[in-house]
Amino acid sequence: MRSRWSYALVAMLGLGIVAGSLAAYSNQEAPKDIVDTAVAAGKFKTLATALKAAGLVEALKGKGPFTVFAPTDEAFAKLPAGTVEGLLKNKEKLTAVLTYHVVAGSVPASEVIKLESAKTLQGSPVKIRVKNGNVYVNDAKVIQADVRASNGIIHVIDTVILPPEGR
């Protein structure tokens, strides 16, 4: 029990440090919505293209709040060759993949680490765990946490997470 709390504390501190380093993404202006915040970061071009292809841009610019586990361009590049192109041609499957990265509500890192799972807008839950001071959503590592937006929070992940087959 003690080690679980120790890992949780280390994870919280680590996420806090990462969140503090995100000052480069935010300035003194009013926060942008989730889509504009991701676009401004410059490392979510594939995600932005996919959101547009799926017709989800306006939804994620909406009131929310939302928590988005946002894969970077590098995360998309780790998918097998042709996967992104195939998803961009299949709006239904693309929408399922993208909504599997979104949770209703604003869930900061301090709350994420208390969860074992979270239900996504796609309908299936993602597994959440803390291991060796790192937070994982399924097999994706959270590499930056608590990027604040006017309508929610972005947690940057290093891997695209895929919903269970048949859902």
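Two residues are in contact when heavy atoms of each lie within 4.5 Å. By that criterion, 68% of the contacts in this protein with a separation of 6 or more are between residues 24 or more positions apart. The model shown here is predicted.

**The whole chain**

Begin with the entire protein displayed as a cartoon, which shows eight helices and seven strands. Of the 167 residues, 43% count as buried. If a surface is then drawn, the accessible area comes to about 9100 Å², and 57% of this belongs to carbon and sulfur atoms.

**Helix α2**

Select residues 34-41, which form helix α2. At the start of this helix, show the side chain of D33: one of its oxygens reaches to within 3.0 Å of the backbone nitrogen of V35. Beyond the other end of the selection, α2 is followed by G42, which has a positive phi near 85°.

Next, colour the buried residues of α2, namely I34, V35, T37, A38 and A41. They cover an arc of only 165° around the axis and therefore lie on the same side of the helix. The spacing can be understood from helix geometry: an α-helix has 3.6 residues a turn, so residues three or four places apart point the same way. Which elements receive this buried set? The buried residues of α2 pack against α4, β1, β6 and β7.

**From α2 to K61**

Keep α2 in view and add the side chains of D36 and K61, which meet in a salt bridge with an N to O distance of 2.9 Å. D36 belongs to α2 and K61 to the loop between α4 (57-60) and β1 (66-71), so this pair ties together parts that are 25 residues apart in sequence. Both partners can be inspected for exposure. D36 is partly exposed, at 32% relative accessible area, and K61 is also partly exposed, at 28%. With D33 displayed as well, the view contains a network of salt bridges that links D33, D36 and K61.

**Strand β6 and its partners**

Move to residues 140-149, strand β6. Is this strand mostly enclosed or open? Seven of its 10 residues are buried, so β6 is largely enclosed by the rest of the structure.

Add strand β5, residues 134-137, which runs antiparallel to β6 and is joined to it by two bridges. Across this pairing, V137 stands opposite A140. The two strands form a hairpin with two residues between them, and N138 in the turn has a positive phi of about 55°.

Then add strand β7, residues 152-157, which pairs with β6 in the antiparallel sense over five bridges. Here Q144 of β6 stands opposite V156 of β7. β6 and β7 likewise form a hairpin, with two residues between them.

**D139 and R129**

Return to the β5–β6 turn and show the side chain of D139 together with that of R129. These two meet in a salt bridge at 3.9 Å, N to O. The pair links distant parts of the chain: D139 is in the loop between β5 and β6, whereas R129 is in strand β4 (residues 125-131), 10 residues apart. The partners fall into separate accessibility classes: D139 is exposed, with a relative accessible area of 64%, while R129 counts as partly exposed at 27%.

**E111 and K114**

A search of the whole structure finds four salt bridges. One further example is obtained by selecting E111 and K114, whose side chains meet at 3.4 Å, N to O. E111 is partly exposed, with a relative accessible area of 36%, and K114 is exposed, at 59%.

**T99 in helix α7**

Finish at residues 91-99, helix α7, and select T99 within it. Is T99 buried or exposed? Its relative accessibility is 15%; since buried means under 20%, T99 counts as buried. To see what surrounds this residue, leave aside its neighbours within four places in sequence and display L56, T120, L121 and Q122, with which T99 is in contact.

Terms used. Residues numbered from 1 in each chain as written. Predicted model: local features only at pLDDT ≥ 70, side-chain atom pairs only at ≥ 80, totals over all residues. Heavy atoms only, no water. Buried < 20%, exposed > 50% of the residue type's maximum accessible area, 1.4 Å probe, protein only. Helix = DSSP H or I, 4+ residues; strand = E, 2+ residues; numbered from the N terminus. Pairing = 2+ DSSP bridges. Areas by Shrake-Rupley, 256 points an atom, 1.4 Å probe, with all protein chains shown as cover. Arc of directions from axis to C-beta. Polar contact = N/O pair within 3.5 Å; in protein donor to acceptor, adjacent residues only side chain to side chain.
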